[in-house]
Amino acid sequence: TGIDAASPVATAPPYFTRQSIDDLSLEPLTIDDPFVVVALGVYRGELRRAIHAMKFRNCRWIAVRFGRNLAPAVAATNPDWRPDIVTWAPTTSRRVRLRGHDQSAIIAGALARRMRMRRVRVLRRIDNHTQTGASRARRQRGPQFVVRSGAVRGRAVLLVDDVMTTGTTLARARTALLAAGASEVRCVVIARVKARVSPQVG
């Protein structure tokens with residue numbers, strides 16, 4: 001969430017195949033600040049184009065493919081850990097109405113099926129402020145979530161989102177899950193946005 005909705009250069013039309021999406025998923029990375037997140041890659045180039053097609057051109061099959069590809073990435077980076085449930089950080093109800101779907105829910109569903117696990121909706125978003133196109137300061141204030149505590153109490157949770165920009169969405173969702181009694185929460189995303197480094201003056 002929280003990415004610029006403007007189309008990347010040279011994306012009309014963005015043709016992708018199953019193989020091309022799989023090729024974008026071959027080098028997962030781990031982010032460990034401020035908490036551990038597994039990502040399929042950095043939000044740039046062809047991966048960025050594919051995510052835009054998924055989010056803004058209603059290419060739901062790309063979300064399914066990315067979800068399937070997250071399963072081996074999770075296994076490779078967390079070899080001794082298996083979650084009890086898979087859930088996702090939901091987008092706003094306004095975004096669901098506009099797009100007709102929540103891409104993170106689709107990703108989580110495909111990931112759960114590949115892992116032979118349950119996808120469970122345990123988070124509900126209670127604000128309607130989108131992260132896409134928001135300023136960094138506004139993104140850092142983040143969304144608000146409530147949790148079905150009975151579904152997560154004492155359980156290890158794998159939390160899914162599409163794009164990690166500042167990490168605030170995942171942090172808020174993760175904090176809510178832990179406060180509701182989850183024993184552990186680990187996070188996965190399709191891509192992370194590298195922070196821009198401000199030029200030094202003087």
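**Close-up views of charged residues**

Let us start with R186, which is partly exposed, with a relative accessible area of 25%. Every view below comes from a predicted model.

**View 1. R186 pairs with E184 in a salt bridge.** The side chains of these two residues meet at 2.8 Å, N to O. E184, the partner, is partly exposed too, at a relative accessible area of 29%. A search of the whole structure finds 4 salt bridges, and two further ones are shown in the next views.

**View 2. R49 and E46 meet within helix α2.** Helix α2 covers residues 45-56, and R49 is found there. The side chains of R49 and E46 form a salt bridge of 2.7 Å, N to O. The two residues are 3 apart in the helix, so about one helical turn separates them. R49 counts as buried because its relative accessibility is 13%, under the 20% cut-off. E46, at 38%, counts as partly exposed.

**View 3. K55 and D162 form a salt bridge.** Their closest N and O atoms are 2.6 Å apart. K55 belongs to helix α2 and D162 to strand β6 (residues 156-164), so this pair ties together parts that lie 107 residues apart in sequence. Both residues are buried.

**View 4. Arginines form a positive surface patch.** Take a look at R18, R68, R113, R114, R119, R121 and R124, which make up this patch. One of them, R68, sits in helix α3 (residues 60-77). With a relative accessibility of 34%, R68 counts as partly exposed.

Technical notes: Residues numbered from 1 in each chain as written. Predicted model: local features only at pLDDT ≥ 70, side-chain atom pairs only at ≥ 80, totals over all residues. Heavy atoms only, no water. Helix = DSSP H or I, 4+ residues; strand = E, 2+ residues; numbered from the N terminus. Buried < 20%, exposed > 50% of the residue type's maximum accessible area, 1.4 Å probe, protein only. Patch = residues over 30% accessible without salt bridge, like charges linked within 9 Å, V, L, I, M, F, W, Y side chains within 5 Å. Areas by Shrake-Rupley, 256 points an atom, 1.4 Å probe, with all protein chains shown as cover. Lys, Arg positive; Asp, Glu negative; His and termini not counted. Charge placed at Lys NZ, Arg CZ, Asp CG, Glu CD.
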